[in-house]
Amino acid sequence: TKWQATILTLFPDMFPGPLGHSLAGKSLNEGIWGLKTLDIRDFARDKHRTVDDTPLGGGLGMVLKPDVVDAALQAVAATAGPRIYLSPRGKMLDQAMVRDLAAQPGAVFLCGRYEGVDQRVIDAHAMQEVSIGDYILSGGEVAALTVIDAVVRLLPGVMGKAEGHHDESFETGLLEHSHFTQPRVWNGIEAPEILGSGHHRRIAEWRLAEAKKETQTRRPDLWKRYLELQSKSSKE
Ligand code: ADE
């Protein structure tokens with residue numbers, strides 16, 4: 001019943017890492033979600049517990065062996081949810097993908113190191129390849145932590161009403177408005193006067209205008225999509 005993350009990694013000590021803190025850590029302790037790590041090295045068969053080999057065709061680095069990774073995947077065959085291989089070649093993670101994952105019973109995450117994993121085992125298990133962005137991490141672990149963090153905060157009971165999601169970027173299609181707290185004048189700089197007015201409707205209008213302005217200047221790509229969605233929904 002709880003969302004279950006299963007991690008296949010050569011570095012099980014990297015988990016839960018940052019997910020043991022704050023909202024994710026609290027909800028993990030409460031049993032709202034579960035985390036299980038398997039050490040890929042435990043599925044090596046030789047006495048040196050070899051997990052990798054040189055690339056076929058030559059070249060630098062090492063590749064995780066298909067038989068070892070396959071044995072690790074077989075060990076979690078009964079675990080529900082998609083099989084995800086973290087890779088910079090994967091489909092780029094976005095909030096829509098995060099929502100889809102949160103609606104699943106959980107997911108199995110395969111974390112590669114070195115140059116990667118033999119492609120045949122990725123294909124044989126029809127794994128979904130997921131990237132967290134156009135840059136190269138030293139392994140899939142930090143990417144898996146990122147995906148899980150984004151999923152867990154959407155699970156029912158993880159975020160209280162106070163932290164709610166409704167105004168968030170990617171829920172509205174706009175970046176969030178700027179935030180301010182006391183004092184209203186800090187270092188001689190005033191926070192917007194309207195925010196101290198107690199006039200909730202006008203504050204909401206100011207925040208929406210601010211969100212639009214900031215989205216337009218910071219993220220023209222998101223602004224374009226927002227306008228397209230607005231014109232579509234107004235025609236319906
Ligand atoms: N492994 C290495 N780099 C990565 C990235 N950008 N996303 C997902 N997995 C990765």
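This is a short tour of a predicted model, going from the whole chain to the ligand, then to a loop beside the ligand and a second loop.

**Whole chain**

Start with the chain coloured by confidence. Its mean pLDDT is 96, and 99% of the residues reach 70 or more. For the complex, the predictor gives an ipTM of 0.99 and a pTM of 0.95.

Next, select residues 3-152 and 166-235 as two groups. These are domain 1 and domain 2, respectively. Their C-alpha centres are 36 Å apart.

**Around the ligand**

Now select the residues around the ligand: Leu 86, Ser 87, Pro 88, Ser 131, Ile 132, Gly 133, Tyr 135, Ile 136, Leu 137, Gly 140 and Ala 143. What is the make-up of this shell in nonpolar, polar and charged residues? It holds 7 nonpolar and 4 polar residues, with no charged ones.

Which element gives the most to the shell? Select residues 83-92, which form strand 5; this strand contributes 3 residues, the most of any element.

**The annotated binding site**

Add a second selection, taken from the UniProt record. An unreviewed entry there carries a "binding site" annotation on Gly 112, Ile 132, Gly 133, Asp 134, Tyr 135, Ile 136 and Leu 137. Residues in this annotation that also belong to the shell around the ligand include Ile 132, Gly 133, Tyr 135, Ile 136 and Leu 137.

**The loop after strand 8**

Zoom in on the stretch between strand 8 (128-131) and helix 5 (141-152), and pick Tyr 135, which sits in this loop. Is Tyr 135 buried or exposed? Tyr 135 is classed as exposed because it has 7 C-beta neighbours inside 10 Å, and the limit for that class is 12 or fewer.

Move to Leu 137, located in the loop between strand 8 and helix 5. Leu 137 has 17 C-beta neighbours inside 10 Å, so it counts as partly exposed. Show its contacts as well: leaving out residues up to four places away in sequence, Leu 137 touches Val 142 and Ala 143. Ala 143 is also one of the residues around the ligand.

**The loop after strand 5**

Go back to strand 5 and follow the chain to Asp 94, in the loop that leads to helix 3 (95-102). Asp 94 counts as exposed because it has 10 C-beta neighbours inside 10 Å.

For the last stop, draw a distance from Asp 94 to Arg 113. The two residues are 19 apart along the chain, and their C-alpha atoms are separated by 23 Å.

Key:
Residues are numbered from 1 along each chain as its sequence is written. This is a predicted model: local features need pLDDT of at least 70, side-chain atom pairs count only at pLDDT 80 or more; totals for chains, interfaces and linings use all residues. UniProt positions are given in the numbering used here, feature names are shortened, and annotations may be inferred rather than shown by experiment. Helices (H or I, at least four residues) and strands (E, at least two) are DSSP runs, numbered from the N terminus. A residue is buried if 20 or more other C-beta atoms lie within 10 Å of its own, exposed if 12 or fewer, and partly exposed in between; C-beta atoms are placed from the backbone. Two residues are in contact if their C-beta atoms, placed from the backbone, lie within 7 Å. A residue is near a molecule or strand if its C-beta atom, placed from the backbone, lies within 6 Å of it. Ala, Val, Leu, Ile, Met, Phe, Trp, Tyr, Cys and Pro count as nonpolar, Asp, Glu, Lys and Arg as charged, and the others, Gly among them, as polar. Domain bounds come from an automatic or database domain assignment. pLDDT is the predictor's confidence in each residue, from 0 to 100.
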